[in-house]
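Visitor: I would like to go through this model and hear the reasoning behind each label. Please show it first.

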Amino acid sequence: MIEKGRISGLELALIMYATVSATAILYIPYITAQHAKRDLWLSPIWGSLSGFLIVVIIVILSRYFPGKTLIEYCELILGRTIGKIIAFLYLFFLLHDTSIAFREYGEFVESAFLHRTPMLFVTGSIAISCAIAVHGGIQTIGRCAVLFLPIVFVSYVLIYIFLIPDLNLKNMLPIMADGVLPSIKGSLAPHAWLSQYSLMSFLLPLVTKQQKVMKWGIVSVVASVLTMVLMNLGNLFLFGDILINLQFPVFEAARFVSVGSFFEHIESIIIAVWVLGGFIQLSAFFYMVVLGTSQWLKLPSYKPFVLPIGFLIILFSVWTIPSFEDMIRGMGTTVPYYFLTIQLIIPSLLLCVAVIRWKKPKSFMQ
Amino acid sequence: MKNMGFRKKRGDTPNIQFKESMNSLPEIPLNPSLDINIDILKSAYKDCADVVFRDFSISSEINAVLLYIDGLSNTEEIDQHVLMPLIQLKNPIEGPIFERVKKEISVSDIKEFSTIPDIFKQISIGNPIILIERQTMGISVGLPKWEKRSMKEPDAETVIRGPREGFVETLRVNTSLLRRKIRHPLLKMKQISIGGYTETQVIVAYIEGLAENTLVNEVTHRLKRIKMDGILESGYIEEMIQDSPLSPFPQLLNTERPDVAAACLLEGRVIILIDGTPFSLIAPCTFSSLLQAPEDYYNPFYISTLIRWLRYIFFFIGLLAPSAYVAILTFHQEMLPTSLLLTIAQSREQIPFPALVEAFMMEVTFEALREAGVRLPKQVGAAVSIVGALVIGQAATASGLVSSPMVMVVAITGIASFLVPRYAAGITIRLLRFPIMILSGMLGLLGVMLGITTIVAHLCTLKSFGVPYLNSAAGLKLRNVKDVLVRAPWWAMDTRPELFSEDTRNRRREAENQMPSPEKGDGG
């Protein structure tokens with residue numbers, strides 16, 4: 001295998017959690033709220049369906065082909081030519097997805113504090129930082145995740161703990177006033193985000209205890225969904241109906257924190273802490289593109305690819321998205337279908353063919 | 001290699017040509033003729049005023065030569081225990097002369113040798129040698145003696161409670177200091193000599209069974225790889241054997257304290273002692289050990305834990321305080337409470353520079369002051385501190401060049417970098433502070449975060465002799481953090497730190513159930 005490093009199940013869960021949740025907490029509340037209104041906290045629960053489904057498919061596929069990633073077993077399942085084409089399709093999607101993630105990061109930072117800094121500078125600077133982590137391999141990303149995510153987690157919990165006096169539980173009533181449909185409509189974006197669990201196929205071969213990957217995958221999905229639900233609930237309790245108009249409600253919430261009249265306006269710190277989570281997310285995406293590309297090309301090492309692909313990602317992040325408004329509109333309309341097509345249909349198709357063409361391996365469990 | 005060894009010149013007398021290390025000289029055997037041997041040696045030690053050739057004859061019959069380097073050997077002892085008994089020897093003809101001579105010399109350490117390069121090695125470490133007519137063997141006598149510095153408390157690692165002895169420049173003294181602490185025969189000391197000209201003796205010390213064999217082999221292998229003309233200090237070796245030569249972080253610890261070295265040996269680490277310097281190297285080194293001071297283990301554990309946390313906090317302050325100040329003043333003024341913001345704005349009213357320039361000026365001045373304080377002779381030192389108080393102090397703010405909050409920040413940063421117990425780690429913080437300041441001047445808190453993520457990502461990739469640098473911090477195993485997050489009391493630190501994850505044997509370092517309590521004592 002190209003990658004020598006190994007990660008633990010916990011690191012797998014944390015990396016995937018960051019990959020999905022870091023930008024989810026930024027953009028999902030706004031997009032969901034447009035359709036779901038007061039029921040926006042229900043949407044991630046519907047969205048979790050695709051998360052669980054994809055984790056199960058990916059884990060079963062990895063049991064068929066232990067030690068192989070999606071790019072590698074694509075070719076085994078579908079034959080050389082078709083396999084290569086489908087793998088390329090997936091890889092290209094991944095590159096696109098990664099550059100969207102970088103752009104999301106850049107847009108957020110720009111609108112939050114660096115209003116006049118060129119986008120290239122913002123995304124480029126974190127890309128360099130990520131490149132160091134990617135060059136270090138999956139172990140580096142895993143260790144960073146273990147070190148950073150607890151800090152991020154604690155500081156976000158703290159925001160809402162400080163805000164307890166301002167939370168108004170009645171804001172969530174009435175639940176499902178207009179039936180289930182609005183919350184299901186709103187679940188499009190959570191579906192899109194949670195479908196990114198298909199990226200787990202890049203990390204599964206690298207986990208030390210293979211028997212537990214299913215458990216950790218599910219734990220990770222549950223954690224992501226819970227984060228989105230709780231975050232949405234917290235924002236709903238705090239803001240009520242005006243939530244629909246808030247672009248980044250989490251940071252509006254941070255703005256409200258005031259403890260003892262000296263500890264206030266902590267949104268800059270919260271954004272800075274969020275960057276730690278964003279760093280894990282972007283590094284993980286970046287790493288998967290680099291690893292996938294070198295596996296597609298069957299290269300002995302992925303390290304020479306880090307910088308060129310980093311370049312490509314930054315370029316794509318400029319080319320593929322015309323503006324912030326277009327990005328938000330896309331996330332509520334086309335992007336979920338695009339994400340689900342690639343990330344749900346390709347793995348399901350692979351699984352179907354694999355079940356028909358391949359015998360169950362001996363090490364098959366669950 | 002071509003020009004090395006002997007060249008026949010002037011009839012029978014060969015001439016020795018030094019080109020490379022003494023180790024690579026050909027093994028020229030001793031000639032039975034004493035004169036030829038002497039000629040070779042004299043040509044080799046041509047223009048060496050400190051080399052003494054003393055001709056004498058054993059009981060006025062057999063010619064012999066005593067050879068030593070003046071100042072490296074104990075001449076009084078030579079006179080008394082070597083020359084006198086040999087010159088006064090009775091009946092030299094009885095029995096083989098070589099064995100007789102060995103018996104007559106009343107010195108405990110005697111070695112035989114049979115080649116010319118051995119002579120160079122022996123006399124260069126202070127062992128006088130004796131060559132006897134018609135013998136193809138020589139005798140070296142262990143009587144080295146040179147001026148040594150007396151042992152004193154290391155200046156860089158002082159303690160209030162704890163042993164006050166420190167390593168010195170002499171290797172043998174240092175090995176004896178270690179041996180006096182760890183008396184077990186499993187304390188091994190492998191000797192290697194490095195340096196073409198200096199022939200520096202280097203000792204790899206470890207406790208067999210505690211230190212991983214792979215680690216010991218790796219250290220020895222890397223030391224043997226070094227090919228350079230001289231090793232004068234541990235720093236030469238450190239830079240030649242570290243895993244990531246371009247990293248700003250120290251990948252080997254150094255210490256002048258035998259108690260620290262002994263503690264590391266007991267944890268399964270390897271100590272590299274180098275002749276000619278009081279600093280010994282410790283491998284492997286992990287990030288957490290940079291912030292552990294020897295005294296942590298001698299003081300009560302509550303206070304040690306507290307002080308350790310103080311150190312962690314000030315480690316970050318030392319690294320980030322100026323950049324956080326710059327970031328907040330330049331980009332995030334809203335974070336400050338209004339009254340504080342007003343005070344700072346007032347004090348900065350007169351200042352012509354942006355915060356970044358101000359911070360840079362002050363930090364560079366502070367580094368310059370510190371450097372001046374280290375290099376200057378002690379008599380002038382007082383002047384530096386007076387001037388320093390002016391430059392970083394009231395006068396600086398009064399002159400309108402810097403604001404008083406900036407002076408505070410620089411002062412705190414300075415103190416913070418003194419709080420790091422390992423000097424090498426302190427240097428790293430001082431170095432990394434500047435790029436983070438630039439980042440914070442460009443991107444605000446985001447820049448500071450980018451600096452942190454980059455540094456942490458780098459630390460996660462770092463390894464020291466195969467041991468991950470952030471081993472204990474990122475391992476998330478509770479038994480590994482008892483010497484990191486807290487300093488557990490000694491009765492609870494029952495296992496050695498886990499340097500290599502796969503290794504589980506011989507992990508306990510004390511018997512079970514060691515927590516003292518009155519009932520367990522046998523006094524009642």
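The questions below ask how each label is earned.

Guide: Keep in mind that this is a predicted model.

Visitor: What makes chain A as compact as a globular protein of its length?

Guide: Start with the make-up: chain A has 15 helices and two strands. Its radius of gyration is 20 Å, and the globule rule gives 21 Å for 366 residues. The two values are close, so chain A is as compact as a globular protein of that length. Along the principal axes, its C-alpha atoms fill a box of roughly 60 × 45 × 35 Å. Buried residues account for 53% of the chain. Take the contacts in chain A between residues at least 6 apart in sequence: 84% of these join residues at least 24 apart.

Visitor: How do you know what span to expect for helix 15 of chain A?

Guide: Helix 15 covers residues 334-357, which is 24 residues. At 1.5 Å a residue, 34 Å is expected, and the helix reaches 34 Å from its first C-alpha to its last. There is still a kink of about 25° in helix 15 of chain A, centred on A:L340.

Visitor: Which residues of helix 15 of chain A are buried, and what covers them?

Guide: The buried residues include A:V335, A:F339, A:I342 and A:L350. Two prolines, A:P336 and A:P347, and A:Q343 are also buried. The cover includes helix 2, helix 3, helix 4, helix 8 and helix 14 of chain A.

Visitor: How many residues does each chain bring to the contact?

Guide: Chain A brings 21 residues and chain B brings 23 residues. On the side of chain A, helix 5, helix 6 and helix 12 each give two or more residues. Helix 5 gives the most, with six residues. By class, this side of chain A has 14 nonpolar, six polar and one charged residues.

Visitor: Why is B:S193 called partly exposed?

Guide: B:S193 has 17 other C-beta atoms within 10 Å. Buried needs 20 or more and exposed needs 12 or fewer, so a count in between is called partly exposed. The residue sits in strand 8 of chain B. Leaving out residues up to four places away in sequence, B:S193 touches B:E199, B:T200, B:Q201 and B:V202.

Visitor: What makes strand 3 and strand 4 of chain B a pair?

Guide: A pair needs at least two bridges. Strand 3 and strand 4 of chain B have eight bridges, in the antiparallel sense. In one of them, B:D55 has B:V65 as its partner in strand 4. The two strands form a hairpin with three residues between them, and B:S59 in the turn has a positive phi of about 40°.

Visitor: Which strands pair with strand 12 of chain B?

Guide: Strand 10 of chain B runs antiparallel to strand 12, with three bridges. Strand 11 of chain B also runs antiparallel to strand 12, again with three bridges. B:L281 has B:N254 opposite, and B:I272 also stands opposite B:L281. Both faces of strand 12 are covered: B:S280 and B:I282 are buried on one side, B:L281 and B:A283 on the other.

Visitor: How do you know that the span of helix 10 of chain B agrees with its length?

Guide: Its 30 residues should span 44 Å at 1.5 Å a residue, and the end C-alpha atoms are 42 Å apart, which agrees. Helix 10 of chain B does bend by about 55° at B:L320, and B:P322 follows within four residues.

Terms used: Residues are numbered from 1 along each chain as its sequence is written. Chains are lettered from A and ligands numbered from 1 in the order in which they are written. This is a predicted model: local features need pLDDT of at least 70, side-chain atom pairs count only at pLDDT 80 or more; totals for chains, interfaces and linings use all residues. Two residues are in contact if their C-beta atoms, placed from the backbone, lie within 7 Å. Ala, Val, Leu, Ile, Met, Phe, Trp, Tyr, Cys and Pro count as nonpolar, Asp, Glu, Lys and Arg as charged, and the others, Gly among them, as polar. The expected span of a helix is 1.5 Å times one less than its number of residues. The bend at a residue is the angle between axes fitted to the seven residues ending there and the seven starting there. The radius of gyration is taken over C-alpha atoms; the globule rule is 2.2 Å times the number of residues to the power 0.38.
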